[in-house]
Structures are given as structure tokens and as C-alpha cells.
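Here is a small set of exercises to work through with the structure open beside you. Try each task yourself before reading its solution.

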Amino acid sequence: MAAPRLRRATQRLFEMSAARGRPSRVYSTSHAFAEVLQLPKKQMTKLVYPLQELEQYLAPDRRSDLHLRIFDPSLEDIARADTIFTATARNRIDYLSSAVRLDHAPDLPWPEVCFIGRSNVGKSSLIKALFSLAPEVEVRVSKKPGHTKKMNFFRVGKYFTLVDMPGYGYRSPKDFVDMVEAYLKERTNLKRTFLLVDSVVGIQKTDNIAIEMCEEFALPYVMVLTKIDKSSKGHLLKQVLQIQKFVNTQTQGCFPQLFPVSAVTYSGIHLLRCFIANVTGNLD
Ligand code: GDP
């Protein structure tokens, strides 16, 4: 069961933090996460493991419908991932460059992850939330119609690069689809694609453009459900179950566990950072 495990891990982290004079990885590196650990258990579960919090509202015989613990890191690993996302003099987190075509993309030695989703899904807000421990990083937003949409590359220390792909929609120009397609198909250091779906409205027709691309190119991808603070528990649970069913029955390459997040309450952000750190090989 998760609760005793969570309690034991929390207690261990508290003990580590309290051990003055003894160097503790968590104590010395993740101030932000130490604050999370001070929260009452229920609040902490909601913030760190939003799917587990939702699970409590499911009838016991429906609980196996959701995949909750395929990726189930310890709090220590979550704290380590926060450290990777924390900008320091020795861990530089920067915007690197933008590109409109794959052959203009920087040639980089690190593993890479990319974020795709339709316009307005909450992609810039999510990337800003992921980078909240590096407040100097500027996540560029180009929303003006007709403004050239670009892929934006960010470097996270010596660990990985994160690419913010342009948002797509009904009126996405063909050259935009070509750009995203070429990137997804040919970027050799791409480790995982994060496909954003708005949890308020669920999977939309336009989302299928991205889902089909990922499936066609046999890419490993992950569905991130944005804006979870906007819905009631009942509505969110309904959407999550529907999307989970879609993933289970209609996809091959999608990671079976969903990642619900809120860029407003930060729910799910720590877990997502940890998953990114893991898929880029930085938690081994
Ligand atoms: P993008 O076009 O995908 O980059 O979307 P944005 O990040 O600009 O977000 C689109 C709109 O949704 C903006 O009005 C955001 O303030 C709002 N939004 C984004 N994420 C969240 C969230 O987690 N919760 C809530 N309540 N609103 C959000």
C-alpha cells in the first residue's frame, strides 16, 4: 500500500534532514522539496501523487482500471529530480535557441525530451512550472496569429535538453506539421515525447494528429493531463478513466500511466520532473 510506504519514506527524509552536520543529499540540495515534506500527509499526496489521491474516490473494484504504480518513485528520487531542475552556478538551466526546421536545430550531446500539444492546452504554463526552480529561464510564448512558430530548446545542466514544440490546431500550417513530423521522426537523441491533453475537455480531434504521429513513428510517449485544478473531483475522475481506457485500448507506444498536472497548484509537477529525470537516464 502506498500510504505506509509514503509515511516511512517521509519519516526517513525528515530524519535525514534533521541529521545536522551529516551531509544529506536531500537536505543539502532540495530546499523546495523539503518544504513539500512539511505538508500534512493528505496535502502532500495530492501535490505529489495526484492519481493516488483520485484513486480514493474510485470503488474498490474499479481501482485496477487506473495504472498508478508503474512509475512509483520514492520521495528520495523525487527530491533528487528536483535537484536536477534547480538552477545553481554549477547546474545551468538555460534557454538555448529556437529553430523553425529540424536542420536548424542545435546538435546537442544530451538526451532530449519534447513537449507537444494543441494551442492553449497549457504547454507554456506547464514548462514554466517545471522550470520554477530556475526562475531565470524565460519560456517564450508566441501566440500572435501569423507569428512564426518555433521549436524552443532548453538545456538542463549536464542532464538533458527539453524542447517546447509549437502548439498545433485546426489551422496549423502544413510546414508546421512537417517540422514536428521531421523532428519526431529523425531526432536521434529524443528519449520521450510528452503529449499534453487538457483534462477539462479530454482528447480532442486535433490531439489525434499528435497521437497518430507518435504511434506511426513508434515513439515512446506519455500523456500528461493539464489543468487538473479546474475540474471537480468527479469530472476529473471521469476524464481520467476515459483517457486511461483510450490509452489501454487504442495505443501501442503510450506509457500506460497518466500524468495529471496543474501549473496553478503544482500538483503532479514534482512527479513529472522525476519521470523526466528517469527517462533521460539521470536517476540510475
Ligand atoms: P499553451 O498555448 O499550450 O502554451 O497554453 P498556456 O500555457 O498559454 O495556457 C493556456 C491558458 O490556460 C492560459 O489562460 C493559462 O493561464 C491557462 N492554464 C494553463 N495551465 C493551467 C492550469 O494548470 N490550471 C489552470 N486553471 N489554468 C491553466
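## Exercise 1: Two helices that cross

In this predicted model, helix α6 (residues 75-84) and helix α11 (residues 269-279) have axes that come within 8 Å and cross at roughly 80°.

**Task.** Decide how α6 and α11 are oriented to each other, then list the residues that make the contact and sort them by class.

**Solution.**
- Step 1: Start from the crossing angle, which is roughly 80°. Angles of 65 to 115 degrees count as roughly perpendicular, so α6 and α11 are roughly perpendicular to each other.
- Step 2: Look for the residues in contact. On the α6 side these are D77, I78, A81, D82 and I84, and α11 brings H270, L271, R273, C274 and A277.
- Step 3: Sort them. The contact of α6 with α11 has 6 nonpolar, 1 polar and 3 charged residues.

## Exercise 2: A second partner for α11

**Task.** Find the angle at which the axes of α7 and α11 cross, and describe the contact by class.

**Solution.**
- Step 1: The axes of α7 and α11 come within 10 Å, with a crossing angle of roughly 80°. That makes this pair roughly perpendicular.
- Step 2: From α7, the residues L126, A129 and L130 meet I269, L272, R273 and I276 of α11.
- Step 3: By class, the contact of α7 with α11 holds 6 nonpolar residues, no polar ones and 1 charged.

## Exercise 3: Reading the sheet

**Task.** Write down the strand order, name the edge strands, and follow the pairing of β2 with β4.

**Solution.**
- Step 1: The open sheet has 7 strands in the order β1-β3-β4-β2-β5-β6-β7, and its pairing is mixed.
- Step 2: Its edges are β1 (93-99) and β7 (259-260), each of which pairs on one side only.
- Step 3: Further in, β2 (residues 112-116) pairs with β4 (residues 160-164) in the parallel sense, over 4 bridges. To check one bridge by eye, go to C114, whose partner in β4 is V163.

**Task.** Which strands does helix α7 lie across, and which does helix α9 touch?

**Solution.**
- Step 1: Helix α7 (residues 123-130) lies across β2, β4, β5 (190-198) and β6 (221-226), and runs at about 145° to β2.
- Step 2: Helix α9 (residues 207-216) also packs on the sheet, where it touches β2, β5 and β6. The direction of α9 makes about 155° with that of β5.

## Exercise 4: Looking for empty space

**Task.** How many cavities of 30 Å³ or more are there, and which residues line the largest?

**Solution.**
- Step 1: The count comes to 2 cavities of 30 Å³ or more.
- Step 2: The largest cavity holds about 50 Å³ of space. Its lining consists of Y49, P50, L51, Q52, L68, F71, D72, Q257 and L271.
- Step 3: Helix α5 (residues 50-55) gives the most to this lining, with 3 residues. By class, the lining has 6 nonpolar, 2 polar and 1 charged residues.

**Task.** Do the analysis again for the second largest cavity, asking which residues line it and how they divide by class.

**Solution.**
- Step 1: The volume of the second largest cavity is about 50 Å³.
- Step 2: I116, Y168, F176, V177, V180, I209, A210 and M213 line this cavity. The elements giving two or more residues to the lining are α8 (174-186) and α9.
- Step 3: The lining residues of the second largest cavity divide into 8 nonpolar, no polar and no charged.

Key. Residues are numbered from 1 along each chain as its sequence is written. This is a predicted model: local features need pLDDT of at least 70, side-chain atom pairs count only at pLDDT 80 or more; totals for chains, interfaces and linings use all residues. Side-chain values use heavy atoms; hydrogens and water are left out. Two strands pair if DSSP finds at least two bridges between them. Contact means heavy atoms within 4.5 Å. Axes are lines fitted to C-alpha atoms, for helices over the stretch in contact, and angles run from 0 to 180 degrees between N-to-C directions. Angles under 35 degrees count as roughly parallel, over 145 as roughly antiparallel, 65 to 115 as roughly perpendicular and the rest as oblique. Ala, Val, Leu, Ile, Met, Phe, Trp, Tyr, Cys and Pro count as nonpolar, Asp, Glu, Lys and Arg as charged, and the others, Gly among them, as polar. On a 1 Å grid over the protein atoms alone, a cavity is a set of points where a 1.4 Å probe fits but cannot get out, and a pocket is an open set with protein on both sides within 12 Å along at least five of seven lines; lining residues have an atom within 4 Å of a point. Grid points are joined across faces, edges and corners, and a volume is the space filled by probe spheres set on the points.
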